[in-house]
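Biologist: Could you take me closely through one part of this model, beginning with a single residue and its surroundings, and then connect that part to the sheet, the charged pairs and the RNA?

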Amino acid sequence: MLDTRLLRQDLETVAARLGIRGFELDIAAFRALEAERAAVQQDTESLQHERNTKSKAIGQAKARGEDIAPLVAEVGGLGDRLQGLRAKLGDVQEQLTAFLQTIPNLPDPSVPAGDDESDNLEIRTWGKLPAFNFEPLDHVDLGAGGALDFEAAAKIAGSRYVVMRGQVARLHRALTQFMLDTHVSEHGYTEVYVPYILNAAALLGTGQLPKFAHDQFRIAEIAESYLVPTAEVPVTNLYRESILDADVLPIRNVCHTPCFRREAGTYGKDTRGMIRQHQFEKVELVQISAPEASWTALDELTGHAEAVLKKLELPYRAVVLCGGDLGFASAKTIDLEVWLPGQQRYREISSCSNFLDFQARRMMARYRNPDSGRPEYVHTLNGSGLAVGRTLIAVMENYQDGEGRIAVPDVLRGYMNGATSLDLSAV
RNA sequence: GGAGGGGUGGCUGAGCGGUCGAAAGCACUGGUCUUGAAAACCAGCGAGGGUAACGCCUCCCAGGGUUCGAAUCCCUGCCCCUCCA
């Protein structure tokens, strides 16, 4: 949520900056709502003031043993008038909140203009693209012997799910452990385990609701509950409605969860293989930062995700998302894209974002600023470190040998009972 | 499933329908003292909204209700705890 003060003071600038991401702010609607809110609030508050002072006078008169009947008569119709005004104020405020909750975050000035991912800005590349003396297969063909079984998944669940078997299933698990261990022991994160079913307040806090309800798996039998779409939601919301001591910042949490997404509106996109699934695993990095430290924290967090790719020796590049590709709550996002030989292109494997105080304001996550002594909003950040399923296919495609085997990256061998390569046909 | 108890400021925890935004303690901040620190003592210290600023308004889990007036009484919901099955 944006700062309403900023909206009141400098609406044109806000609208212009939102335009960078292709969002059209309805200036007239905001002005009208805000003017009504101010008027109704003033009326309500002055009436409340009147009631308060008169009621207090009644109390004092009674304490002195005076007759309070005439005073009570004077306050007669106040209650009803007040109730009417309050209802109206509640109504206006509800409309205003609903309006504000659908406004995305302001893009940072360094975010490039653009409509979609083709306008994203490459800022660095790492690693050498593998050269094969054979035609590299994609993960679907590599796993066709049963290691990756999409038909079995369709039989028991539906499309956009996968069944993994044997050594590949183990490799997938190994990757998860490896990522968690790396972030905990080398990057100073605290591992957290969280519920996978979340209430609506949590999804409101990080911005998935109300605007993206269509992409969530809602549990019909339990009111206001959803399957976790990303660990960002539970982990960031751990700090909702709290005032943190400055010396606990920055908070660095790493969390592995399955992620559930309806992927509504992406029909026909990435339907082949494991790129876009309704259920996938992710190791998520979440940081709660003091405001002045959040941009440094974004660079660090991105580096932590990159470290995993480097250890796995997977070639990748980093891009800054353009305005049109930027997520709803993010002020700036750096995507890491891993090279997939089967597709001959880079694909997103991590998305690292600084949300500034956008999520913190929605969820009232604050810290006590030692300089002012007052509670102020923290900044929140997160990034995948990494998406496990996509990392699995990156390993499979980059480490294939053309003869139905894939080499196990050095850093994973300890998690694979020492195996140096996997036979994909031996499921 | 049954029967109780409870949700109050950063934390612990008092609170008769009116003088309660709320005792007290802890924590924190400033000061005195000290070579310095600790201790002791003194003072300050909830959050949000609104205003140029002040007055002001709201908030004691959430939502309703009773009342001139609700942290306090009533109803519903959520959550936590104890005992029984």
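Modeller: A good place to begin is Thr206, which lies in helix α9, the element spanning residues 200-206. Please keep in mind throughout that this is a predicted model, and that the distances I quote are computed from it. Thr206 has a relative accessibility of 2%, so it counts as buried, the limit for that class being under 20% relative accessible area. Its side chain is engaged in two ways: it reaches back to the backbone oxygen of Ala202 at 3.2 Å, and it is joined to the side chain of Gln208 by a polar contact of 2.7 Å. If neighbours within four places in sequence are set aside, Thr206 is in contact with Glu232, Val233, Thr236, Asn237, Ala329, Gln359 and Met363.

From there we can turn to the sheet. It is an open one of eight strands, running in the order β1-β10-β11-β12-β15-β9-β8-β4, and its pairing is mixed. The strands at the edges are β1 and β4 (190-191); each has a single partner strand, and therefore one side of each is left without a neighbour in the sheet. Beside β1 comes β10, residues 316-320, which is mostly covered, since four of its five residues are buried. On one side, β10 pairs with β1 in the antiparallel sense over five bridges, and within that pairing Trp126 has Tyr316 of β10 as its bridge partner. Strand β10 also pairs with β11, residues 332-340, again in the antiparallel sense and over five bridges; here Arg317 stands opposite Glu337 of β11. Further along the order, β12 (residues 345-354) and β15 (residues 379-387) pair in the antiparallel sense over two bridges, with Ser353 standing opposite Asn382 in β15.

The edge strand β1 also leads us to the charged pairs, of which a search of the whole structure finds 20 that qualify as salt bridges. In one of them Glu306 pairs with Arg124, the closest N and O atoms being 2.7 Å apart. This pair links distant parts of the chain, because Glu306 belongs to helix α11 (residues 294-311) and Arg124 to strand β1 (residues 121-126), 182 residues apart. The two partners are not covered alike: Glu306 has a relative accessible area of 4% and is buried, whereas Arg124, at 36% relative accessibility, counts as partly exposed.

Helix α11 takes part in a further bridge, in which Lys311 pairs with Glu186 and the closest N and O atoms are 3.0 Å apart. Here too distant parts of the chain are linked, with Glu186 in helix α8 (residues 166-187) and Lys311 in helix α11, 125 residues apart. In this pair Glu186 is partly exposed, with a relative accessible area of 47%, and Lys311 is partly exposed as well, with 26%.

A third salt bridge joins the side chains of Arg276 and Glu263 at 3.5 Å, N to O. Both residues lie in the loop between β8 (251-260) and β9 (279-289), so the pair ties together parts that are 13 residues apart in sequence. Arg276 and Glu263 are both buried, and salt bridges that share partners join Glu263, Asp270, Arg276 and Arg347 into one network.

That leaves the RNA. Around RNA strand B there are 21 residues, of which Arg8, Gln48, His49, Ser55 and Arg366 come nearest. The elements that each supply at least two residues of this surface are α1 (4-9), α3 (27-63) and β13 (365-368), and α3 gives the most, with eleven residues. By class, the residues of the surface divide into nine charged, seven polar and five nonpolar. On the RNA side, 79% of the strand B atoms within 4 Å of the protein belong to sugar or phosphate, and the rest to bases.

Some individual contacts fill in this picture. A polar side-chain atom of Arg5 lies 3.1 Å from a phosphate oxygen of RNA strand B, and a polar side-chain atom of Asn52 lies 3.2 Å from a phosphate oxygen of that strand. For Gln48, the partner is a sugar or linking oxygen of RNA strand B, which lies 2.8 Å from a polar side-chain atom of the residue.

Note on methods
Residues numbered from 1 in each chain as written. Chains lettered and ligands numbered in written order. Predicted model: local features only at pLDDT ≥ 70, side-chain atom pairs only at ≥ 80, totals over all residues. Heavy atoms only, no water. Near = heavy atom within 4 Å. Polar contact = N/O pair within 3.5 Å; in protein donor to acceptor, adjacent residues only side chain to side chain. Nonpolar A, V, L, I, M, F, W, Y, C, P; charged D, E, K, R; others polar. Salt bridge = Lys/Arg side-chain N within 4 Å of Asp/Glu carboxyl O. Buried < 20%, exposed > 50% of the residue type's maximum accessible area, 1.4 Å probe, protein only. Contact = heavy atoms within 4.5 Å. Pairing = 2+ DSSP bridges.
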